[in-house]
Amino acid sequence: MPLRNEAANIAGEIAKLRHAIHAEPEIGLDLPKTQQKVLAALDGLPLEISTGSGLSSVTAVLRGGAGNAASAGPVILLRGDMDALPVTEETGLPYASRIPGAMHACGHDLHTAMLVGAARLLSARRAELPGTVIFMFQPGEEGYAGARQMISEGVLAAAGSAPVAAYGLHVTSNRLRCGLFSTRPGPMLAAADQITVTVHGRGGHASQPHRAADPVPAACEIVLALQTLVTRKFDVFDPVVITVGSFHAGTADNVIPDQATFLATARSFSAQARSALAELVPRLARDIAAAHGLTADAQYATEYPVTVNDAAEAAFATGVIAEAFGPEQGETAQFPITGAEDFSFVLEQVPGAFVMLGACPPDRDPETAPTNHSAVAVFDDAALADGTALYAELAVRRLGLG
Ligand SMILES: [Zn+2]
């Protein structure tokens, strides 16, 4: 029976697990209840299971029976993230979050449930598998670099030898119709870094600015100059985005403050653009402040690198989608996504591919449906069987079966 049909047969159970995780979302690196649900769902499968020490991760290793004793065959890694966001859910769904201020608004509940589903399907084929599969259940994708921490705790070495390929899936509540897979070779998602600037002046009476050193106009000038920097220093075909999302200064209209501070995110799609940002942004801030006789502390903190799909692995994934689901169920994305992913840390070390999967409900238009991270984002259960089947197909076919 094709894995797609097997996934459809267990879709009800996958949905049940997804709903349980969705109703009880947890944020960050410590997800004890989610971890418990995953461990319970994997119980009884022929897996070697270990859990994280600094985070509530679950690593499960399935050793196929078709490898010989000397060489257990190649290792494939499949990753699903498990964490929620600090959002209060407003969907009104029957399985909506019961915890105010926490919601699976990015669909990671689906990833977790789909990866459990894939572990079940692959466990059932264990005897035929000519290799090993690592299932990476990861907390802390949303800003906590949980993938990097799992790597430092040894997930890539969990099977004894390094994976030859790694695959990640991500659902989207808009843009793609339900069941449509999308990937591309090369950059798939942006690098996301944080800029922190504090302009130091000298406070005083707002009516006598010449007796003070006003940091506010200089900070505003830096904000605007960052947009000019984007257009004058970067190749239009290797784009960057800088958005100042937080700006704070002062307490009253008639007081010049001592300092002004802002935070920005910087997105880029190449190592060159990223290192140029790290060099140019702090210099621009310091020099503009200096031009006004002020000083600025400017920090460029690297967060998530560019998520880069290996060209051969992206082509492999596209081929698997076409064969297992039909060519109309896959697209090659024209452009990368300006969001970021910490699966990038895995793909820095293991060639692989990250694949998006449409999960827009049938009663919504993908073009106008609320995006991931929205309090009203809805991800359709209909995507669960497809995601489960793709995880399993990628592993089976990459190991040379099927
Ligand atoms: Zn996400």
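1. Let's start with what helix H3 packs against in this predicted model. The buried residues of H3 meet two helices, H2 (11–23) and H4 (108–124), along with strands S1 (48–51), S2 (58–63) and S4 (132–138).

2. Which residues of H3 are buried? In this helix, residues 32–42, they are Thr 34, Gln 35, Lys 37, Val 38 and Leu 42. Viewed down the axis of H3, these residues fall within an arc of 160°, so they line one face of the helix. The general background helps here: an α-helix has 3.6 residues a turn, so residues three or four places apart point the same way.

3. Just past the end of H3, have a look at Gly 44, whose phi is positive, at about 95°.

4. Further along the chain, you will find an open sheet of four strands, ordered S10-S12-S8-S13 and paired antiparallel. Strands S10 (240–249) and S13 (295–304) are at the edges; each has a single partner strand, so one side of each lacks a neighbour in the sheet. From one strand to the next, the twist averages 15°.

5. Within that sheet, S8 (residues 191–200) and S12 (residues 259–268) are joined by 10 bridges in the antiparallel sense. A handy place to find this pairing is Ile 195, which has Ala 264 in S12 as its bridge partner.

6. Which helices should you look for on the sheet? Helix H6 (residues 215–233) lies across S8, S10 and S12, and runs at about 170° to S10. Helix H7 (residues 271–291) packs on the sheet too, touching S8, S10, S12 and S13, with its direction at about 165° to that of S13.

Notes:
Residues numbered from 1 in each chain as written. Predicted model: local features only at pLDDT ≥ 70, side-chain atom pairs only at ≥ 80, totals over all residues. Heavy atoms only, no water. Pairing = 2+ DSSP bridges. Axes fitted to C-alpha atoms, helices over the stretch in contact; angles between N-to-C directions. Contact = heavy atoms within 4.5 Å. Buried < 20%, exposed > 50% of the residue type's maximum accessible area, 1.4 Å probe, protein only. Arc of directions from axis to C-beta.
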